[in-house]
Amino acid sequence: MGLSDFLFKRRKNKKGDSTPEEEIFQNENISKEYFKSLDKNKRSLHELFKQTFDFSCDDIRLGESEACVCYLGTMLNIHSLTDKVLNVPRETSVSKNPKNIEEIRDRYFPTMAFEYADTFHKVVWHILNGFAVIMVDGQEKALSLEIGDTEKRAITEPSTQTIIRGPKEAFTEDINTNISLIRKRIKNPYLIFEDFYIGGDTKTTVAIGYVSTITNEDILNEVRERIEKIEIGAVLDSGNIEEMIVDKSFTPFPLVFNTERPDSICSHLLEGKVALIVDGSPFVLAVPSVFTDFFQSSEDYYQPFLMPSFIRIIRYMSFMIALVLPSLYVALSTFHQELMPTQLLISIQAQREGVPFPAVIEIFMMELTFEIMREAGVRMPRAVGQTVSIVGALVIGQAAVEAGLVSSVLVIIVAFTAIASFVSPIYSFSIATRLLRFVLILFAAVFGLYGVLLFLIIMVIHLVSLRSFGVPYLASVAPFKLTDQDDVFLRLPAWANKRRPSYLFPKSPVKEKKKQKPSPPHVQGGKK
Amino acid sequence: MKKRIFILICISSFLLTGCWDSTELNDVSIVTGIAIDPGKEKRYRLTVGYVNASILSPQIPFEGAPVSVMTLEGNSLPEISARMNIGVSRKLVFSHTRALYINEEVAKNDGVGSFLDSLERNPQFRNDFNILITKGDSAEKFPTINDPVERVPSLKVQKQIKSILKNWGGDPRVRLTDFIDAIVSQGRSPIASSVTIEGNPEKGKNVESNMETKAPARILLAGIAVFEKDKLAGYLSLEDTRNYLWTQKLESTMVTIPCGKHGEELKEKLYFDLAIMNNKSTIKTFYKGDQPHLKVDIYSEARLTSMQCNEDLSKKETYLDLEQKSSKYVKDMIVATIKKVQDEFGLDIFGFGEALHRQNYQKAKEVEEKWDEEFARADVDVNVHVAIRRSGIRNKSFLSEVPANKED
């Protein structure tokens, strides 16, 4: 614990016993009190929602009492509402007139999910969340019925992190669906989701998920604390949360892992990480995350281990290629001609013959062109998307070379770099290399190989200085841990990978205790 | 404040210092061959051959000379190469020099020491170019001899040397630092490779000579040039070069050995060939009393590549016999070469002196000054063991299965 105490400076937990609604509306001009008088309540509701067309407050009679059903028509399925709430048979017999709200619920809405709202804040909160709130005259509480059934996007295949073998489900925008996708995979009572409501204007639900028997308490407290500290107006995607909770903003490297794959999140949870699920975002975050996480695809674990190990090495290589290849070209061709083999030098020189720009300008031009095309390709409506690729291939690939503006070896370099930068399974990581590449080209143009090396040294120093929720970013490599190497550069077979990463200080560090290496059955003389 | 100053220093280090030594590829000419001749008015006459890269581009095949040469006279190499731009448009880059042709006149009369110093001093020169002494024609002709396959002449020479070294061993494999080490060393005399032009160099100059299937001029390797300190003393033949290499480090070679016992006269001249694949040689120098002894132990693995002898290759004895024959033959060859060097030059190109230096330092110190005389009078003892490992993809030769004529 000594080290983890050092890693996570603990602060006092601010969270009191207040309910989410109180916290949410505490700064706003909404009175808290719920009145016994139906009229008063109706009046204040109408005051609040007066200009909203989808707000309705329908008067009904429940037995002898006056009541009204208030709801936002767009937040619930209006047919279900009519069937289940507005159309309930209302007996008028006096004998069994329900006295309190509990009896009313018991009599008229016995099959529906419900909640009681004893403050006006709660009423408003429930209405905003798509409940139908039944306020009965003379009662101290209102009854909120969950209608649900609003429109949401179906579960589809992941669009950014596709794999060939493995589960094809992806998270959607609905937080409940997302949590159910995780729960379906981890059937464990210790899988816990805590909710937070963040965003002064949006009151977005943010849930943190963890397996309480695995995840380290200090990490968990750190996550809770950082989330509670967030005071922003709007949370529209997990990206908004991500920027508010990272250890350091001024870095091109992503310090928070994001994925739209439930299986990937589950494996992170089971390693001892904390998942952050934001309502409205199909990208779920996992913290703390380290550098090597961004080179691992969940498919690595679904294929026999040899190939994934090889592919991981390819990923690291292509990261380096995407980072340094263009700058190496600049450095070698303008400073260190002696470092190239003679034949190669002659053929590069032959291609550069007649190119009017220095190598730096040439490569900057092409890299920028490529970035522009990439951006255009992403933003363009699907229907015209093909134009970009056709124009791009023609402009970049052929015309520029034929016109003698750039050398053809440069086109190869730019193309190869671009392809290599897409190899990282997590998109936000490949963005980092895109940005650094330009700086590196500048260094190479000014100082040659010396500059490239200088930059790489600075980059490594920066990487070592980074932390994600207190965990060193290069963990298991930079504070080197031999026991963690079974799943870093190589993926050892599942039976050999027995421990959870030690940099997460999991409560139970060992996954499997038994020796499980499979072997053929012992057969003697042809018989078992 | 400190931070600001730091940032200022960082920025100025970019803006004020960078780029000073950067050169774009289209502003340089890559020199591949250098030739040194005796000057008419001044000391040297330097010729550089630099690549005309655009001719070599695969996309725009147009006729033109793959290299261009420029000749200038001066008293020292750096001086001349600095002045080259009076006739050459681009900055000359010497880092890819593949061949240094030295006219034998220069090597004989002036010695090579004076300009080797400037080459060794210059950071541009790599240590991987070939030092070639030109026999016959003047050195300036060498960088101009065209070749249809390897279009840059000096690259062709380099490749040819690499290939011969790998297949037969006709080049002593001497680089700049080896050469200089040997000049300085008391126990070894420097050597270099020598080249000649076969054919008409004037015709070979013309790019159109590439149109002909039989090149009108060709650069040939011509064995070792032996130096006394930095001055040329004489030449050894290609065969001797191979034998020399055998005592040093031979990659592979080919020997043809007569079938009959040594000295025995045969009616028909029959031979068998060995491809030598793997070589180990150790050199020992020692004194017996006052008499220096040179001992070379050679172990070679070989593959039988041709068999004209009428012997049964399916028997072990045959192999032993062949091994014996070839060991003897190779031994005689190598002894002859060493003797020849002893008699003709009296210069220890093999490094026996260095071996003595390692093996008996005291004695080496004593004889250091007069080592070359000691070398010349030394007894030579060469032990060769040739081991025949394989006989190709055939064992018995079909020749042995031809039915014999009844008359015999």
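**Salt bridges, a nonpolar patch and a domain interface**

In this predicted model, A:Glu353 is partly exposed, with a relative accessible area of 23%. Its side chain meets that of B:Arg90 in a salt bridge, with N and O 2.4 Å apart. The pair runs between chains: B:Arg90 belongs to the loop between α3 (77–83) and β4 (91–93) of chain B, and A:Glu353 to the loop between α12 (342–352) and α13 (359–379) of chain A. Over all chains, the structure contains 52 salt bridges.

A second pair lies within chain A. A:Arg434 and A:Glu371 form a salt bridge whose closest N and O atoms are 2.8 Å apart. Because A:Arg434 is located in helix α16 (residues 427–447) of chain A and A:Glu371 in helix α13 of chain A, this pair ties together parts that are 63 residues apart in sequence. The relative accessible area of A:Arg434 is 13%, so this residue counts as buried, the limit being under 20%. A:Glu371 is likewise buried, with a relative accessible area of 13%. The two residues also take part in a network of salt bridges that links A:Glu367, A:Glu371, A:Arg374, A:Arg434 and A:Arg437.

Chain A also carries a nonpolar patch on the surface. Its members are A:Met307, A:Phe310, A:Ile311, A:Ile313, A:Ile314, A:Met317, A:Val477, A:Phe489, A:Leu490 and A:Leu492, which together have about 800 Å² of accessible area. One of them, A:Ile313, is found in helix α11 (residues 306–334) of chain A. With a relative accessibility of 39%, A:Ile313 is partly exposed.

Attention now turns to chain B, which is divided into domain 1 (23–236) and domain 2 (239–408). The C-alpha centres of these two domains of chain B are 33 Å apart. Contact between them involves 24 residues of domain 1 and 28 residues of domain 2. The size of an interface is often given as the accessible area lost when the parts come together. For domain 1 and domain 2 of chain B, the area buried between them is about 2,100 Å², of which 56% is on carbon and sulfur atoms. On the domain 1 side, B:Trp168, B:Arg188 and B:Leu236 lose the most area to domain 2, together accounting for 33% of what that side buries.

Charged pairs also occur at this interface, where two salt bridges cross between domain 1 and domain 2 of chain B. B:Arg188 forms a salt bridge with B:Glu354, the closest N and O atoms being 3.1 Å apart. Elsewhere in the description of chain B, the side chains of B:Lys295 and B:Asp297 meet in a salt bridge at 3.6 Å, N to O.

Definitions and conventions:
Residues numbered from 1 in each chain as written. Chains lettered and ligands numbered in written order. Predicted model: local features only at pLDDT ≥ 70, side-chain atom pairs only at ≥ 80, totals over all residues. Heavy atoms only, no water. Salt bridge = Lys/Arg side-chain N within 4 Å of Asp/Glu carboxyl O. Helix = DSSP H or I, 4+ residues; strand = E, 2+ residues; numbered from the N terminus. Buried < 20%, exposed > 50% of the residue type's maximum accessible area, 1.4 Å probe, protein only. Patch = residues over 30% accessible without salt bridge, like charges linked within 9 Å, V, L, I, M, F, W, Y side chains within 5 Å. Areas by Shrake-Rupley, 256 points an atom, 1.4 Å probe, with all protein chains shown as cover. Domains from an automatic or database assignment. Contact = heavy atoms within 4.5 Å. Buried area = accessible area lost by both parts, 1.4 Å probe.
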